[in-house]
Amino acid sequence: MKKLFVACLVLLLTLLCVFSVSAKVYSGECGDNVNWKLDTDSGVLDITGYGDMDHYVIAGDQPWATQMSDVKKVVIGEGVTNIGIRSFAYCYFLTEVVIPNSVEAIGTCAFENCKVLKQVVLPANVSVIGDDAFGSCDSLEFIYVDEENASYSSDNFGVLYNKEKTELIQYPNGSALATFEIPDTVTSIKANAFLSNRALEFVKISDSVTKIGESAFKECEKLSSISIPDNVTKIYDKAFCNCFSLKEAYISGNIGKIPEQMFYNCESLVKVTISEGVTEIADFAFSGCEKLEEITLPQSVSEIGRKAFDDCSSLEKITVLNSDANIHHEAFYSCPEATFYGYAESSIIEYAKEDGKTFEVLQEQSFNDPVTTEVLSEVQTEESGIENTNTGETEKLSGSDGPVSNSDSMAPLLLAIIVVLVVGFGVVVFLLVKKK
């Protein structure tokens, strides 16, 4: 009886060991002719077979999703031609990937949010790389492209370009460089190209650049200044959104429209220069720029969108030089300290009146230079008069709030004319009397 018990115990332990070992290996299909196998002991996920891998609508649909945390290395076998959309997205502990020469395409977000992936080597036959294929890979230091690749290239800093280096596709998120100069071959900075870089303090955008993609520099948390060259004609939404250290920005007038959330929540931004030629400030463009104290919108700006300057709590001086600008009623929402500057009867003065804000009327110079102006009067909406900035006296308005009359400024001139006439008349009389 004792021997039987021991034998059963040994058998049970053996079965448990076998089950334990087999439980560490998972496998299945991930394409019509493609299979996968994950060894959780080694952390290696092998992709074998030929043809295309499956695509996945959301991260978590992958067949190895429940073992995602066990994936340390991905080895794609020769014969696989397409790495599917989001195939390895959110493999947080993936440190290495091997891509064979047979791979021709890498799907959108294929390696998105692989937080500890440090290096990627792209072979010669890759001809298609989907958007954000390596997006939010925070530790990615280098992307190397085989020199024989006909579609893509890289440089000594591990930056991914198209072959001709006219498109900057991906700057490695984990690069420790503090400064970077975009090559003068580049005409387009792709969407999310510099997204979430944590080291860059300064980027020189070359004069060759004409287009900056959506969220191109979003969340570059150390970026301190940016100058947009005159050749840039198109910038997409959120280009510099959440750049928390950005203090200064120069915007060329050739872009036409400052897009939605371009500088959203750039909480350190204190100086913005907007050039003549900009026609529109889109919704939320400068929302949350809580240290911005002054803004001047040139004559060319004809549209100011919803909450364009929302929550700019330090904004004290807002100058709008286009008298007919279309201003959304919430354009300057939550700007409690602001004084509005504009020409008499302009839309910005009417906006200030309707919103109960302080405003000052600007006098356009005789030579019609819209930039050179002087303060004519300061009006408090809660007062019943206009304070003359030259005399300090307050005069009551007759009728509705309109432009200030210039009659008072003519009085000294009229007095001088009268004095000259009186003196002249006296001299004539004196001469006549003397002659007699």
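Colleague: Where is arginine 86 found?
Modeller: In this predicted model, arginine 86 sits in the loop between strands E6 and E7, and its phi is positive, about 60°, although the residue is not a glycine.

Colleague: How does that sit with the usual run of phi values?
Modeller: Most residues other than glycine have a negative phi. Glutamine 261 is another non-glycine residue with a positive phi, in its case about 55°, and its place is in the loop between strand E22 (257–258) and strand E23.

Colleague: And what relative accessible area do they have, arginine 86 to begin with?
Modeller: Arginine 86 has a relative accessible area of 24%, and glutamine 261 has 21%. Buried means under 20% and exposed over 50%, so arginine 86 counts as partly exposed, and so does glutamine 261.

Colleague: Staying with the loop of arginine 86, where does phenylalanine 93 lie?
Modeller: Phenylalanine 93 also lies between strand E6 (80–83) and strand E7 (96–98), and its relative accessible area of 43% makes it partly exposed. Together with Tyr90, Tyr92 and Val116, Phe93 forms a nonpolar patch on the surface, and the accessible area of these residues together is about 340 Å².

Colleague: Which sheet is E6 part of?
Modeller: E6 belongs to an open sheet of 4 strands with parallel pairing, in the order E4-E6-E8-E10. The edges are strand E4 (51–52) and strand E10 (128–129), each of which pairs on one side only. E4 and E6 are joined over 2 bridges in the parallel sense, and aspartate 52 has asparagine 82 in E6 as its bridge partner.

Colleague: What about the sheet that has E13 and E14 in it, what order do its strands take?
Modeller: That open sheet has 6 strands in the order E12-E13-E14-E16-E18-E20, and its pairing is mixed. Strand E12 (152–154) and strand E20 (234–235) are the edge strands, each pairing on one side only. Within the sheet, strand E13 (residues 160–162) pairs with strand E14 (residues 167–170) in the antiparallel sense over 2 bridges, where leucine 160 has glutamine 170 in E14 as its bridge partner.

Colleague: Changing topic, is isoleucine 182 buried or exposed?
Modeller: Isoleucine 182 is buried, with a relative accessible area of 1%, although it lies in a loop, the one between strand E15 (179–181) and strand E16 (188–189).

Colleague: So what does isoleucine 182 touch?
Modeller: Leaving aside residues up to four places away in sequence, isoleucine 182 touches Leu168, Ile189, Phe194, Val203, Lys204, Ile205, Ser206 and Val209. Ser206 is 24 residues from isoleucine 182 along the chain, yet their C-alpha atoms are separated by 5.8 Å.

Colleague: Which residues touch the most other members in the largest nonpolar core?
Modeller: The largest nonpolar core has 66 residues, and those touching the most other members are Ile189, Phe194, Phe263, Ile281, Phe286, Phe309 and Phe332. Two or more residues each come from strand E21 (248–251), strand E23 (271–274), strand E25 (294–297), strand E27 (317–320), helix H2 (347–355) and strand E30 (358–364), and H2 gives the most, with 4 residues.

Colleague: What does phenylalanine 263 touch?
Modeller: Beyond residues up to four places away in sequence, phenylalanine 263 touches Ile226, Phe240, Leu246, Ala249, Ile251, Leu269, Ala285, Phe286, Ser287 and Cys289. Apart from this largest core there is another core of 39 residues, including Trp36, Val74, Phe88 and Ala110.

Colleague: Back to H2, which of its residues are buried?
Modeller: Ser347, Ile348, Ile349, Tyr351 and Ala352 are buried in H2, and the helix's buried residues pack against E27, strand E28 (326–327), strand E29 (339–343) and E30. Glycine 356 follows H2 and has a positive phi, near 70°.

Colleague: Last one, for the whole protein: how many helices and strands, and what share of residues is buried?
Modeller: The secondary structure comes to 3 helices and 33 strands, and buried residues make up 42% of the 436 residues. Of the contacts between residues at least 6 apart in sequence, 29% join residues at least 24 apart. The protein exposes about 22100 Å², with carbon and sulfur atoms supplying 52% of that area.

Terms used: Residues are numbered from 1 along each chain as its sequence is written. This is a predicted model: local features need pLDDT of at least 70, side-chain atom pairs count only at pLDDT 80 or more; totals for chains, interfaces and linings use all residues. Side-chain values use heavy atoms; hydrogens and water are left out. A nonpolar core is a set of buried Ala, Val, Leu, Ile, Met, Phe, Trp, Tyr and Cys residues joined through side-chain atoms within 4.5 Å. Buried means under 20% relative accessible area, exposed over 50%, partly exposed in between (1.4 Å probe, protein chains only). Contact means heavy atoms within 4.5 Å. Two strands pair if DSSP finds at least two bridges between them. Patches are made of residues with over 30% relative accessible area and no salt bridge: like charges are joined within 9 Å, nonpolar side chains (Val, Leu, Ile, Met, Phe, Trp, Tyr) within 5 Å. Accessible areas come from the Shrake-Rupley method with a 1.4 Å probe; for residues, only the protein chains shown count as cover. A salt bridge is a side-chain nitrogen of Lys or Arg within 4 Å of a carboxyl oxygen of Asp or Glu.
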